[in-house]
Amino acid sequence: MTSSVISIRFNKEKVRLNEPLYTLEQRQQAFTKLREVKTEFASRGWFPATSGNLSVRVGEYSPEQFTFAITASGKDKSQHTPEDFLLVDHRGQPIEPTRLKPSAETLIHCEIYRLTGCGAVFHVHTVFNNIVSELYAERGSVPIERVELIKAFNIWQEDAQIEVPVLPNYADIPKIAELVEGRIDRAIPGIILRNHGIYAWGANVFEAKRHLEAFEFLFEYVYRWKALHL
Ligand SMILES: CSC[C@@H](O)[C@@H](O)C(=O)COP(=O)(O)O
Ligand SMILES: [Zn+2]
């Protein structure tokens, strides 16, 4: 969509209409990438019972205005249909005529894009991310140290220790979204909702996938280490 920018003056403030935020090619590329990632994560069993959601940012970005492609709500993410994804704006509102509903958790994606400027956000529910979030819920973060895969987050110290933030899992998604700003750690590209699942992000699909895989490896490590030392 290469619409021209129309500028108007409103209360002396310049407001842009018909933003050329993305092209049709970028939209198609985002849907294709989401489809590839969805296929791969489904093959790992990372979308049980329709859980999980994926998004990729499309086109221009500023913290105040951006667009992203996201999975439609409630779909069986192991199946492909012509109605799996839709485009939403920085408020999580669909920006094209559609009967699809964006993911119920779209507002959390919005906050992550707004705060980090990242290019992709992936959310999965796994037994390991649920168990470690419960184990460390009171602490408010999952501690991980001395594991090589911490380097997947571009943290290169030999004795690195990280804490992955754990947020409460309210039924009210806007209430969770409000907490994100206070809990994001710039060095750690992920947050866990207690007994729910992880959101991992990255500059692009490749990086977000690497981060998510690293988190899941580390959570399984933490779980198994704990189980061995109980
Ligand atoms: C079916 S349980 C999972 C949902 O409640 C939710 O947490 C989830 O991850 C998927 O929601 P969705 O609206 O399909 O994106
Ligand atoms: Zn979820």
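# Close-up views of a predicted model

UniProt, in an unreviewed entry, lists H123 and H125 under "binding site". The views below start from these two residues in a model that is predicted.

**Figure 1. H123 sits in strand β6.** H123 is buried, because 27 other C-beta atoms lie within 10 Å and 20 or more are enough for that label. Leaving aside its neighbours within four places in sequence, H123 is in contact with G52, N53 and E105. Further contacts of H123 under that condition include G197, I198 and Y199. H123 also belongs to the residues around ligand 1.

**Figure 2. H125 lies in the loop between β6 and α3 (127-135).** Is H125 buried or partly exposed? H125 counts as partly exposed, because it has 17 C-beta neighbours inside 10 Å, and that label covers counts between the limits of 12 and 20. Not counting residues up to four places away in sequence, H125 touches P48, S51, G52, N130, H196 and G197. G52 is thus named as a contact of H123 and of H125. G197 is likewise named for H123 and for H125.

**Figure 3. Ligand 1 and the residues around it.** Which residues are around ligand 1? They are A49, T50, S51, G52, N53, T71, S73, G74, S103, A104, E105 and H123. By type, this shell divides into two nonpolar, nine polar and one charged. Among its members, G52, N53 and E105 are also contacts of H123.

**Figure 4. A49 and T50 in the loop between α1 and β3.** A49 has a phi near 55 degrees, a positive value in a residue other than glycine. T50 is not a glycine either, and its phi is positive at about 70 degrees. A49 is exposed, because 8 other C-beta atoms lie within 10 Å and the label applies at 12 or fewer. T50 has 13 other C-beta atoms within 10 Å and is therefore partly exposed. Both A49 and T50 are among the residues around ligand 1.

**Figure 5. Strand β3 with its partners β4 and β6.** Strand β3 covers residues 53-62 and runs antiparallel to strand β6, residues 120-124, with four bridges joining the two. In this pairing V56 stands opposite A120 in β6. β3 also pairs with strand β4, residues 65-71, in the antiparallel sense over six bridges. Here the bridge partner of V58 is T67 in β4. How many residues lie between β3 and β4 in their hairpin? There are two residues between them.

**Figure 6. F122 in the largest nonpolar core.** In soluble globular proteins, nonpolar side chains tend to be buried together. The largest nonpolar core of this model has 53 residues, and A69, V121 and F122 touch the most other members. Helix α5, residues 205-228, gives the most to this core, with seven residues. Leaving aside its neighbours within four places in sequence, F122 is in contact with V37, L54, A200, A208 and L212.

**Figure 7. F219 in helix α5.** F219 counts as buried, because it has 24 C-beta neighbours inside 10 Å. Leaving aside its neighbours within four places in sequence, F219 is in contact with F128, N129 and V132. How far apart are the C-alpha atoms of F219 and H123? They are separated by 15 Å, and the two residues are 96 residues apart along the chain.

**Figure 8. The two faces of strand β7.** In a regular strand the side chains alternate between the two faces of the sheet. In β7, residues 141-145, the covered face holds V142 and I144. The uncovered face of β7 holds S141, P143 and E145. Five bridges join β7 to strand β8, residues 161-167, and the two run antiparallel. V142, on the covered face of β7, stands opposite V164 in β8.

**Figure 9. The span of residues 32-223.** UniProt, in an unreviewed entry, places the feature "domain: Class II aldolase/adducin N-terminal" at residues 32-223. This span is 32% helix and 26% strand. The C-alpha atoms at its ends lie 34 Å apart.

How values were computed. Residues are numbered from 1 along each chain as its sequence is written. Chains are lettered from A and ligands numbered from 1 in the order in which they are written. This is a predicted model: local features need pLDDT of at least 70, side-chain atom pairs count only at pLDDT 80 or more; totals for chains, interfaces and linings use all residues. A residue is near a molecule or strand if its C-beta atom, placed from the backbone, lies within 6 Å of it. Ala, Val, Leu, Ile, Met, Phe, Trp, Tyr, Cys and Pro count as nonpolar, Asp, Glu, Lys and Arg as charged, and the others, Gly among them, as polar. UniProt positions are given in the numbering used here, feature names are shortened, and annotations may be inferred rather than shown by experiment. Two strands pair if DSSP finds at least two bridges between them. A nonpolar core is a set of buried Ala, Val, Leu, Ile, Met, Phe, Trp, Tyr and Cys residues joined through C-beta atoms within 7 Å. Two residues are in contact if their C-beta atoms, placed from the backbone, lie within 7 Å.
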